[in-house]
Amino acid sequence: MRIPSRRSAFTLLELMIVLVIISLLGAAFLVVSGRALGRGVEQKAKARLQQLAVMVEQFRQTEGEYPNDRLPSSVTGNGINVGSEALYLALFDADYHGESPNQEWLVNTDADQTARNLTRLLSRELFEIGDPWGNPIAYFESLHYEDSRAVPYYAAPEDEEPFEQLVAPSRNERTGGWEQEGRFQLVSAGADGEFGTEDDLFHYR
């Protein structure tokens with residue numbers, strides 16, 4: 001009499017169950033790793049804002065004043081990203097010998113140029129200093145807080161086209177006074193690429 005052998009193959013139902021479990025585990029891993037990656041980029045953005053704030057303070061110690069958040073009268077810009085572009089021109093000026101941002105931080109979301117080279121770099125592009133998401137970091141100098149209630153910046157969520165947004169210097173929610181009065185403000189639009197939303201990042205928070 002022949003003794004039946006033990007079954008070694010999966011049934012179709014068992015295979016489907018295994019595949020479902022693997023898919024669920026894979027999806028859970030992607031969610032967790034995505035969140036971790038997002039937190040990592042946010043920490044990188046905060047660190048960049050802090051580094052940039054130190055450079056702005058160093059500029060004041062060297063030059064006696066904070067960098068202007070307006071372009072020089074000789075520069076004909078398009079009126080977009082002005083604060084960030086003015087900060088770029090100040091920190092990369094040929095006559096300025098303090099610390100400058102990493103050139104990998106430079107972006108040009110509005111694709112404008114100067115008529116002649118205004119920095120120690122070879123390019124005539126009117127760069128902005130960008131965050132890790134590739135959007136310009138808004139810069140406001142306190143002398144112009146009142147006049148800079150809202151200025152246009154080009155920014156966008158990742159992998160989308162930049163769009164024009166209005167950005168204003170921040171006020172303290174409790175007192176209504178300007179944040180960083182007598183100093184400056186640096187603002188990143190955060191991961192969503194939109195200024196004025198909950199994930200905005202500031203160098204002083």
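# Surface, interior and salt bridges in a predicted model

E160 has a relative accessible area of 51%, and therefore counts as exposed, since the cut-off for this class is over 50%. This residue belongs to a predicted model, and the report below describes what that model shows at its surface, in its interior and between its charged side chains.

## Overall architecture

The protein chain contains 2 helices and 7 strands. In sequence order, these elements follow the pattern α-α-β-β-β-β-β-β-β. The chain has 205 residues, of which 41% count as buried. Its exposed area is about 12600 Å², and carbon and sulfur atoms supply 53% of that area. Contacts between residues at least 6 apart in sequence can also be examined by their separation: 58% of them join residues at least 24 apart.

Helix α2 spans residues 82-91, and 9 of its 10 residues are buried, so this helix is largely enclosed by the rest of the structure. Among the buried residues of α2 are the charged residue E85 and the residues L87, Y88, L89 and L91.

## Two patches on the surface

The loop between β4 (151-155) and β5 (163-167) holds E160. Together with E158, D159 and E194, E160 forms a patch of negative charge on the surface.

A second patch is nonpolar. L13, I17, I21 and L25 make up this surface patch of about 410 Å². L25 is part of helix α1, which covers residues 12-63. With a relative accessibility of 58%, L25 counts as exposed.

## Residues that meet across the sequence

Which residues far along the chain come together in space? Three positions illustrate the point.

P157 is located in the loop between β4 and β5. Its relative accessible area is 18%, and it is therefore buried, as this class requires a value under 20%. P157 and G193 are 36 residues apart along the chain, yet their C-alpha atoms are separated by 4.3 Å. When neighbours within four places in sequence are left aside, P157 is in contact with F163, D192 and G193.

V41 is found in helix α1 and counts as partly exposed, at 22% relative accessibility. The C-alpha atoms of V41 and A191 are separated by 8.4 Å, although the two positions lie 150 residues apart in chain numbering. Apart from neighbours within four places in sequence, V41 has contacts with P132 and W133.

Q180 is placed in the loop between β5 and β6 (184-188). At 18% relative accessibility, Q180 counts as buried. Not counting residues up to four places away in sequence, Q180 touches S142, Y145, Q185, H203 and Y204.

## Salt bridges

How many salt bridges does the structure hold? The number is 5.

One of them is formed by K46 and E42, whose closest N and O atoms are 3.4 Å apart. Both residues are in helix α1; because they are 4 residues apart there, about one helical turn separates them.

Another salt bridge joins D147 and R70, with 3.8 Å between the closest N and O atoms. This pair links distant parts of the chain, 77 residues apart: D147 is in the loop between β3 (138-141) and β4, while R70 is in the loop between α1 and α2.

R205 also forms a salt bridge with E179, the closest N and O atoms being 3.7 Å apart. R205 lies in the segment after β7 (201-202) and E179 in the loop between β5 and β6, so the pair ties together parts that are 26 residues apart in sequence.

In addition, E57, R60 and R183 are linked in a network of salt bridges.

The table lists how accessible the partners in the three pairs are.

| Residue | Relative accessible area | Class |
|---|---|---|
| K46 | 32% | partly exposed |
| E42 | 31% | partly exposed |
| D147 | 58% | exposed |
| R70 | 35% | partly exposed |
| R205 | 56% | exposed |
| E179 | 15% | buried |

In the last pair, then, R205 is exposed, whereas its partner E179 is buried. In the pair within helix α1, K46 is partly exposed, and E42 is partly exposed as well.

How values were computed: Residues are numbered from 1 along each chain as its sequence is written. This is a predicted model: local features need pLDDT of at least 70, side-chain atom pairs count only at pLDDT 80 or more; totals for chains, interfaces and linings use all residues. Side-chain values use heavy atoms; hydrogens and water are left out. Patches are made of residues with over 30% relative accessible area and no salt bridge: like charges are joined within 9 Å, nonpolar side chains (Val, Leu, Ile, Met, Phe, Trp, Tyr) within 5 Å. Accessible areas come from the Shrake-Rupley method with a 1.4 Å probe; for residues, only the protein chains shown count as cover. A salt bridge is a side-chain nitrogen of Lys or Arg within 4 Å of a carboxyl oxygen of Asp or Glu. Buried means under 20% relative accessible area, exposed over 50%, partly exposed in between (1.4 Å probe, protein chains only). Lys and Arg count as positive and Asp and Glu as negative; His and the chain ends are not counted. The place of a charge is taken as NZ of Lys, CZ of Arg, CG of Asp or CD of Glu. Contact means heavy atoms within 4.5 Å.
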